[in-house]
Amino acid sequence: MKILAIESSCDETSVAVVEDGKKVLTNVVYTQEIHKLYGGVVPEVASRRHIEKITYVLDAAMTEAKLSYDDIDMIAVTAEPGLIGSLMVGVNAAKTIGMAYQKPVIMVNHIYGHIYANYLESDFLFPLVALVVSGGHTELVLMNDHFQFEVLGETLDDAVGEAYDKVARVVGVGYPGGPILDKMAKLGKPTYKLPHIKLAKDSYNFSFSGLKSAVINLSNKAKDRNETLDNNDLAASFQDAVVDVLVSKTVMAATNYNAKQVLLAGGVAANSGLREKMQEAMDQLKIRLTYPSIKNCTDNAAMIAVAGYFQAKAMK
Ligand code: KG4
Ligand code: ZN
């Protein structure tokens with residue numbers, strides 16, 4: 001089954017064709033660099049860019065895959081969550097092609113897409129615990145089978161990626177902040193004392209706004225006193241606090257639910273500190289850990305095609 005997928009929930013316009021949930025025939029991703037000028041995604045600018053680019057990205061993908069729309073069996077499109085104006089561009093494109101070529105259109109949840117990005121590179125073993133960490137979401141999800149999702153916990157305030165991006169803005173290192181702070185953290189040591197917020201002992205929920213505020217306060221106080229902070233050490237301290245919380249909650253969930261696999265999903269799954277510390281923890285527990293290759297961690301349409309494939313199978 002060949003699925004054409006469209007992703008336009010935030011600042012990536014992407015089109016992919018994936019065969020049987022596994023074989024990527026094309027995965028074209030256009031990233032809107034313009035948001036770097038503003039230090040964050042501007043929703044109106046994002047939807048306008050999607051409108052301008054969607055036809056080109058569709059054409060590029062179909063040309064690369066050497067396919068016509070007649071060869072496609074189904075269309076999958078990100079329907080939620082995301083920026084409403086941006087989502088609409090992808091959904092309208094999907095519905096238009098579906099109508100013109102008489103193909104079924106399936107509405108896919110973006111988070112499920114991030115989880116299924118892992119399937120492009122490895123199979124799933126159930127029960128499975130997924131740690132979804134992106135710019136908009138932070139969730140621990142339990143899966144007992146394909147396309148069965150139980151949210152065990154989620155952030156009560158900021159998403160991890162959001163906290164990275166805000167801290168990066170305060171430190172003055174550009175957007176998106178996650179990859180930049182990750183690189184800086186490798187050059188520094190966690191010398192600053194920051195809160196590792198774990199909430200109630202048995203809670204699977206997260207909170208990152210206190211940690212973010214602690215970094216911002218530290219930075220502002222230093223400015224007032226004309227002191228300079230070591231930004232690499234600050235990045236290392238921040239990353240240490242984030243990773244410690246993420247790993248300890250994931251370990252708790254994996255242990256309590258007898259997980260056979262833990263997977264990382266979403267943009268922050270690219271984080272080197274998180275990958276390293278989670279690997280150490282899962283090696284100790286003898287639980288398989290998977291995470292997508294860097295290019296499949298951030299938003300792309302191939303992951304939406306895979307989620308669409310399993311969604312269609314679950315609906316049968
Ligand atoms: O999944 P994604 O592409 O978009 C959303 O669905 O939100 O995630 C983007 C987020 C951004 O906040 C970015 O700073 C973060 O992922 N990110 C990282 C790294 N690479 C991307 N955060 C920490 N370390 C990284 N290496
Ligand atoms: Zn995403």
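## Exercises on a predicted model

Pro127 is located in the loop that links helix H3 (110–116) to strand E6 (128–133). The structure is a predicted model, and the exercises below treat its backbone, its sheet and its helix contacts.

**Exercise 1. Identify the residue joined to Pro127 by a cis peptide bond, and describe the cis bond at Pro81.**

Step 1. The partner of Pro127 is Phe126, and omega of this cis peptide bond is about -5°.

Step 2. A cis peptide bond also joins Glu80 and Pro81, with omega about -20°.

Step 3. Pro81 belongs to the loop between E4 and helix H2 (84–101).

**Exercise 2. Locate Asp20 and Leu199, state the sign of phi for each, and classify their exposure.**

Step 1. Asp20 sits in the loop between E2 and E3. Its phi is near 50°, which is positive although the residue is not glycine.

Step 2. The relative accessibility of Asp20 is 40%, so Asp20 is classed as partly exposed; this class lies between the limits of 20% and 50%.

Step 3. Leu199 is found in the loop between helix H5 (177–187) and helix H6 (209–224). Phi of Leu199 is near 55°, again a positive value in a residue other than glycine.

Step 4. Leu199 has a relative accessibility of 37% and therefore counts as partly exposed.

**Exercise 3. Give the strand order of the five-stranded open sheet, name its edge strands, and state which helices pack on the sheet.**

Step 1. The order is E3-E2-E1-E4-E5, and the pairing is mixed.

Step 2. Strand E3 (23–31) and strand E5 (105–109) form the edges, each pairing on one side only. From one strand to the next, the twist averages 20°.

Step 3. Strand E2 (residues 12–19) is paired with E3 in the antiparallel sense, over eight bridges. Within these two strands, Val17 stands opposite Thr26 in E3.

Step 4. Helix H1 (residues 43–65) packs on the sheet and touches strand E1 (2–7), E2 and E3; the directions of H1 and E3 make an angle of about 150°.

Step 5. Helix H10 (residues 301–315) lies across E1, E2, E3, strand E4 (74–80) and E5, and runs at about 125° to E1.

**Exercise 4. Characterise the packing of H7 against H8 by axis distance, angle, handedness and residue class.**

Step 1. The axes of helix H7 (residues 231–256) and helix H8 (residues 272–285) come within 9 Å, crossing at roughly 30°. H7 is therefore roughly parallel to H8, as angles under 35 degrees receive that description.

Step 2. The crossing of H7 past H8 is right-handed.

Step 3. H7 contributes Gln239, Val243, Leu246, Val247, Thr250, Val251 and Thr255 to the contact, while H8 contributes Ser272, Gly273, Leu274, Lys277, Met278, Ala281, Met282 and Leu285.

Step 4. By class, the residues of the contact of H7 with H8 comprise nine nonpolar, five polar and one charged.

**Exercise 5. Apply the analysis to H4 and H6: determine the relative direction of the axes and the composition of the contact.**

Step 1. Helix H4 (residues 160–171) and H6 have axes that come within 10 Å and cross at roughly 5°. This angle makes H4 roughly parallel to H6.

Step 2. On the H4 side, Lys166, Val167 and Val170 meet Lys212, Val215, Ile216, Ser219 and Lys223 of H6.

Step 3. The contact of H4 with H6 contains four nonpolar, one polar and three charged residues.

How values were computed:
Residues are numbered from 1 along each chain as its sequence is written. Chains are lettered from A and ligands numbered from 1 in the order in which they are written. This is a predicted model: local features need pLDDT of at least 70, side-chain atom pairs count only at pLDDT 80 or more; totals for chains, interfaces and linings use all residues. Side-chain values use heavy atoms; hydrogens and water are left out. Two strands pair if DSSP finds at least two bridges between them. Helices (H or I, at least four residues) and strands (E, at least two) are DSSP runs, numbered from the N terminus. Axes are lines fitted to C-alpha atoms, for helices over the stretch in contact, and angles run from 0 to 180 degrees between N-to-C directions. Contact means heavy atoms within 4.5 Å. Angles under 35 degrees count as roughly parallel, over 145 as roughly antiparallel, 65 to 115 as roughly perpendicular and the rest as oblique. A crossing is left-handed if the near helix is turned anticlockwise from the far one by less than a right angle, and right-handed if clockwise. Ala, Val, Leu, Ile, Met, Phe, Trp, Tyr, Cys and Pro count as nonpolar, Asp, Glu, Lys and Arg as charged, and the others, Gly among them, as polar. Buried means under 20% relative accessible area, exposed over 50%, partly exposed in between (1.4 Å probe, protein chains only).
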